[in-house]
Amino acid sequence: MKKILVTGALGQIGSELVMKMREIYGNDNVIATDLRKLESSPVVTTGPFEILDVTDHSAMLGIAKKYEIDTLVHLAALLSATAEAKPLLAWNINMGGLVNALEVARELNCKFFTPSSIGAFGPSTPKDNTPQDTIQRPTTMYGVNKVAGELLCNYYHKKFGVDTRGVRFPGLISYEVLPGGGTTDYAVDIYYEALKSGKYTSFIAKGTKMDMMYMPDAINAIIKLMEADGSKLIHRNAFNIAAMSFEPEEIAAEIKKHIPGFIMDYDVDPIRQDIANSWPNFIDSTCAKNEWGFAAEYDLEKMTTDMLQKLRDKGIGTK
Ligand code: NAD
Ligand code: AKB
């Protein structure tokens with residue numbers, strides 16, 4: 001990886017991935033792109049940045065050629081809750097953007113990464129210790145996009161020899177940029193509200209277990225997989241990776257250890273609850289461990305300590 005183009009670079013993942021990659025590969029070698037431009041973002045101020053709508057293939061190809069990229073990290077997408085609210089737009093961005101990105105990778109012989117999600121599973125998937133290879137009949141537009149995307153990435157590898165790689169991310173928890181329209185967003189919001197007001201109203205119901213991961217582990221996973229020896233990869237795309245799994249009351253109890261007066265109640269959003277109910281309780285990441293050495297450093301306890309400290313350092317809240 002010498003010249004890397006990142007789409008959707010101002011999002012929750014991109015804003016941290018770009019900075020980490022610039023640290024490793026050099027500021028000028030990581031070209032950040034997004035539909036919008038945030039002038040004050042370090043992603044914009046520390047290295048090359050271009051406005052790019054991923055549904056525009058010729059614009060993407062033009063930028064890729066201009067910077068002579070050898071790696072494409074495709075992050076731009078609509079997340080589960082937004083995709084459920086705007087399914088046709090989600091299809092156009094999530095599938096149209098992915099095909100364009102794969103085509104650019106094929107045309108310029110680039111290494112390729114794109115994330116799938118636990119959203120690629122559905123109600124008929126085994127819920128506990130969900131295997132790498134299993135039933136995938138998702139009932140959401142996001143899930144349909146993710147399954148199709150996983151298959152398309154495998155196809156581009158088999159048919160055209162593109163070096164495609166990817167993981168199925170759990171819900172990601174981070175403090176730099178807020179998440180953008182997902183079902184697992186409650187597990188980020190809760191930290192902000194705990195610090196600001198000492199209370200949180202969860203839109204996900206009590207007893208709903210979902211896989212989650214702290215952002216540093218997610219960023220390390222992307223870089224580790226992209227640097228891994230390709231000849232050892234059996235799955236290549238859509239590796240299950242897991243770090244922790246919890247219900248709303250478990251994260252609340254962990255926060256209470258730091259903010260004793262913290263209280264949580266519930267006002268369940270039926271749409272996001274429905275999505276959450278269709279996802280696994282916890283997934284099995286044995287293949288990622290065996291094929292490229294995936295390991296997560298943060299569990300719920302360690303993440304909560306760090307997350308609250310980092311948010312306090314940013315001046316969030318008084319609790
Ligand atoms: P995000 O919503 O935070 O960011 C997406 C970015 O894409 C935004 O900056 C947005 O401006 C940009 N974008 C939207 N439409 C675009 C378009 N047409 N052209 C160019 N840019 C466009 O998303 P994220 O959380 O950073 O997710 C990135 C990828 O990771 C997505 O594929 C998502 O499905 C996947 N993922 C994320 C999570 C998570 O918890 N964050 C979990 C599993 C998978
Ligand atoms: C979402 O909730 O949509 C994302 C995801 C798990 O893919 N965080």
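**Exercise 1. Find which atoms of threonine 183, tyrosine 142 and threonine 184 approach ligand 2, and how much of the ligand the protein covers.**

Step 1. Begin with threonine 183, where a backbone N or O atom lies 2.6 Å from an oxygen atom of ligand 2; a polar contact is here a pair of N or O atoms within 3.5 Å.

Step 2. Turn to the side chains: a polar side-chain atom of tyrosine 142 lies 2.6 Å from an oxygen atom of ligand 2, while an N or O atom in the side chain of threonine 184 is 2.8 Å from a nitrogen atom of the ligand.

Step 3. Ligand 2 taken alone exposes 250 Å², of which the protein buries 93%, with areas computed by the Shrake-Rupley method and a 1.4 Å probe.

This is a predicted model, in which local features need pLDDT of at least 70, side-chain atom pairs count only at pLDDT 80 or more, and totals for chains, interfaces and linings use all residues. Residues are numbered from 1 along each chain as its sequence is written, chains are lettered from A and ligands numbered from 1 in the order in which they are written, and side-chain values use heavy atoms, with hydrogens and water left out.

**Exercise 2. List the residues around ligand 2 and divide its shell into nonpolar, polar and charged.**

Step 1. Taking residues with a heavy atom within 4 Å of the ligand, one finds Leu79, Ser80, Ser117, Ile118, Tyr142, Pro170, Gly171, Gly182, Thr183, Thr184 and Trp279.

Step 2. Ala, Val, Leu, Ile, Met, Phe, Trp, Tyr, Cys and Pro count as nonpolar, Asp, Glu, Lys and Arg as charged, and the others, Gly among them, as polar; the shell then divides into 5 nonpolar, 6 polar and no charged residues.

**Exercise 3. Locate glutamate 68 and asparagine 129, and state the sign of phi and the exposure of each.**

Step 1. Glutamate 68 is found in the loop between helix 3 (57-66) and strand 4 (71-74), whereas asparagine 129 lies within strand 7 (residues 128-130); helices (H or I, at least four residues) and strands (E, at least two) are DSSP runs, numbered from the N terminus.

Step 2. Phi is positive in glutamate 68, near 50 degrees, although the residue is not glycine, and phi of asparagine 129, likewise a residue other than glycine, is positive and near 55 degrees.

Step 3. Buried means under 20% relative accessible area, exposed over 50%, and partly exposed in between (1.4 Å probe, protein chains only). Glutamate 68 is therefore exposed, because its relative accessible area is 67%, and asparagine 129 counts as partly exposed because its value is 43%.

Definitions and conventions
Polar contact = N/O pair within 3.5 Å; in protein donor to acceptor, adjacent residues only side chain to side chain.
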